[in-house]
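Here are my notes on the model you asked me to look over, set out as numbered points.

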Amino acid sequence: MKELMLGNKALARGLYEAGVALASSYPGTPSTETTEEAAKYPEIYCEWAPNEKVAMETAWGASVAGKRSYCAMKHVGLNVAADPLFTISYTGVNAGMVICVADDPGMHSSQNEQDSRHYAIAAKIPMLEPSDSAEALSFTKRAYDLSEEYDTPVFIKMCTRVSHSQSIVETGERSEPERKPYVKNFEKYVMVPAAAKKRHPIVEERTRRLTEYAETTDLNRVEEGGDNSLGIICDSTSYEYVKEVFGNRVWVLKIGLVNPLPVQKIRDFAAHVKRLVVVEELDPVIENHVRSLGLAVEGKSLFPAVGEFSQEMIAEALGEKPAESCTPIENLPGRPPAMCSGCPHRGLFYVLKQNKCTVIGDIGCYTLGSTPPLSAIDTTLCMGASVSGLHGFNKVGGSESEQHTVAVIGDSTFMHSGMTGLANIAYNQTNSTVVILDNSITGMTGHQQNPTTGKNLYGDPAGRIDLEALARAMGINRVRVVDPYNLAETDAAVKEELAAAEPSVIISRRPCALLKEVKKGVPLVVDPDKCIGCKSCMCLGCPSISFRNNKAVVDDTQCFGCNVCAELCPKDAFRAI
Amino acid sequence: MITSIMIVGVGGQGSLLASRVLGRAALDKGYDVKVSEVHGMSQRGGSVVTYVRFGDKVASPIIDKGGADYIISFELLEAARYVGFLKPGGQIVTSSQQIDPMPVVAGTAEYPQGLVEKMTAAGAKVDVLDALKLAEEAGSIKASNIVLMGRFSKYLPEISKEEWLSAVKACVPEKFLALNTKAFELGLFA
């Protein structure tokens, strides 16, 4: 059946058809929907793991136990899972194991734009790169066959435009492979030096055999062009842009297996064409390989190593006439993302700003606390870095720093990798103040459950980790819970815990305002006779409040009724509608 | 021949559903279709863009400057923001709704005036309607996306009203079908 399908959904369909039994992932844009869509098939057990390392190890365990398994993560999540990754390359698999990593060129929703293809090379793991939804489905199925044939985990590398574009796919039937028996095998599964020394040559031999496979597989496809003045080697979404510009006018070598890359196939292709160009987003991975073969090639001399490509950009760089357009209108105000109306994080950030805190931030919706007018966050690095960064900051800054500096971290991020930072604070002792922004969900990626919510991926009851008990068990004596809608209570807690001469955890607890089960309050209106135009409420950066004719105005269609603005008003001008 | 359409607005306004209805209508018509969406951080009240392209054979899922035949916009400032993506003489169908972006809320910028005139001067054809009011009339302000699709359907005569409504039916829950059908018709005849 032909369907228009999101790349991530097509990948999930591939998991289903390949007979996958288990998927364990940590949510991360743009990879998240692969696991959410897989969960719609009752045949695939799916779960959110606390982090990517746990997810990958879980998938590995399932593979060793004999069933096809899957884990997914965004590019930066692969850094977290890098430790098991490099050694799973050595142990290989029992049943097939596929790792999806989704890059984010252009950083639509990421803190960097690292190129995951380097990991495939470094860990010596084959990597398939689909260009559209149909390939996301078919490559996923082939990845499982390759995984079992070559005894290796296999990467499927997605990117934002493949993950989040819909194109037409044809679906097939599910195959249901028998569970492979688990057989105890010291030399394969116990990676102590004696055994690992025997596995490494096997890995090298595997790469040699896979390079042979790369020469002949149709995953790497030559498309003949009208004339041979230009030959383009490209992968992923760049292939689609190249075809959009040139159709069948030029020679194209489409790379579907990006690691290991073929040698002779590229030499033959280069010999056919007068000018050889590599079109690839981010780093010159293919280009460097081609150059290492001693071939004359252009790539990053024509195209940037940053951001996303487009057909127009490629056309212009290769000498095609640029498209004519309407004249852009200059100097329009930007529209950056902002915290939603009713967001529980807003009150907390307001309090931190009022207390002139230095705020060591983390990854999540609350990173938006860094944007004007609150501008309350000083640093953002990676998952969990707020807690451990705060400890280092305070060790050097001493008590002066301890009295003004906090870490802010979400509930899901805390479970991901904030806990170990708190362990360091409890163990090596700084009088640090960690604020856990517990909105009872993983927010930014679109509402996934986590170990603190009491629900599993399916929304069914599950184990629940008690944040207060956890912090206390680590040796933090000062643990308190505040409601960030209550500014006075939150302010008092922040002041007291910053002053305390021991480590503390403040849990700022309010569910995300976008959760279906959260009831909206009564929207507010401003009494224009009372409003004196002092703009006290405007410093919250609430999208429901604007300032017109020197008065605050509430958009009642958007207002959530959290009342935080009313708490700030010196003239009591806000009232329920 | 490929038709390239951008659907623009503010995160949370319902552009994903609009793009799915449009993609479905084109698919049912037998076209090759590609749709590119935005997920993640930008959805939180930021400027969002969805691309829909259909024709005999579509390679790229995205649209860059000078690539769009049409822009469907949920918000006036967002329509203006992407006018440079439109081919000369391209058509904009936009709601008259204005939502202050954060720099305006924060008082560091003014919401620009005369945007329709500016877009026309930039070389675009502009069709403005009060999609929010019509959606409210249909039963819910959330249906403004379908109101806009109704209005836009006038510019694509190759897809009939019945085909559009069948695509709407395929994309919305049964209980909201009557509301969305009304929203589509209010947009079409506005």
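1. Which residue with a positive phi follows helix H13 of chain A? The residue after H13(A) is Gly294(A), with a phi near 80°; helices here are DSSP runs of H or I with at least four residues and strands are runs of E with at least two, both numbered from the N terminus.

2. On provenance, this is a predicted model, in which local features need pLDDT of at least 70 and side-chain atom pairs count only at pLDDT 80 or more, whereas totals for chains, interfaces and linings use all residues. Residues are numbered from 1 along each chain as its sequence is written, while chains are lettered from A and ligands numbered from 1 in the order in which they are written.

3. Helix H13(A) spans residues 285-292, and its buried residues include Val285(A), Glu287(A) and His289(A); a residue is buried if 20 or more other C-beta atoms, placed from the backbone, lie within 10 Å of its own. The buried residues of H13(A) pack against helix H6 (117-123), strand S10 (231-235), strand S11 (251-255), helix H12 (264-272) and strand S13 (276-279) of chain A, where contact requires C-beta atoms, placed from the backbone, within 7 Å.

4. Chain A is divided into domain 1 (2-216), domain 2 (221-317), domain 3 (345-509) and domain 4 (524-576), with bounds that come from an automatic or database domain assignment. The centres of domain 2 and domain 4 of chain A, taken over C-alpha atoms, are separated by 56 Å.

5. An open sheet of seven strands in chain A follows the order S3-S2-S4-S5-S7-S6-S12, with mixed pairing; two strands pair if DSSP finds at least two bridges between them. Its edge strands, each pairing on one side only, are S3 (45-48) and S12 (257-259) of chain A. Strand S2 (residues 22-25) of chain A runs parallel to S3(A), to which four bridges join it, and Ser25(A) stands opposite Trp48(A).

6. Two helices pack on this sheet. Helix H3 (residues 52-65) of chain A touches S2, S4 (69-74) and S5 (97-103), and its direction makes about 165° with that of S4(A); axes are lines fitted to C-alpha atoms, for helices over the stretch in contact, and angles between N-to-C directions run from 0 to 180 degrees. Helix H7 (residues 133-150) of chain A touches S5, S6 (127-128) and S7 (154-159), at about 160° to the direction of S7(A).

7. Strand S15 (residues 405-410) of chain A deserves attention, because six of its six residues are buried, so that it is largely enclosed by the rest of the structure. Thr405(A), Ala407(A) and Ile409(A) point one way from S15(A), and Val406(A), Val408(A) and Gly410(A) the other way. S15(A) pairs in the parallel sense with strand S14 (residues 358-360) of chain A over three bridges, and with strand S16 (residues 433-438) of chain A over five bridges. The chain crosses from S15(A) to S16(A) through helix H17 (residues 411-428) of chain A in a right-handed β-α-β crossover, right-handed meaning that, with the strands pointing away from the viewer, the path from the first strand over the helix to the second runs clockwise.

8. At the interface, 50 residues of chain A are in contact with 53 residues of chain B. Strand S8(A) pairs with strand S2 (residues 32-36) of chain B in the antiparallel sense over two bridges, and Gln166(A) has Val35(B) as its bridge partner.

Methods
Buried ≥ 20, exposed ≤ 12 C-beta atoms within 10 Å, placed from the backbone.
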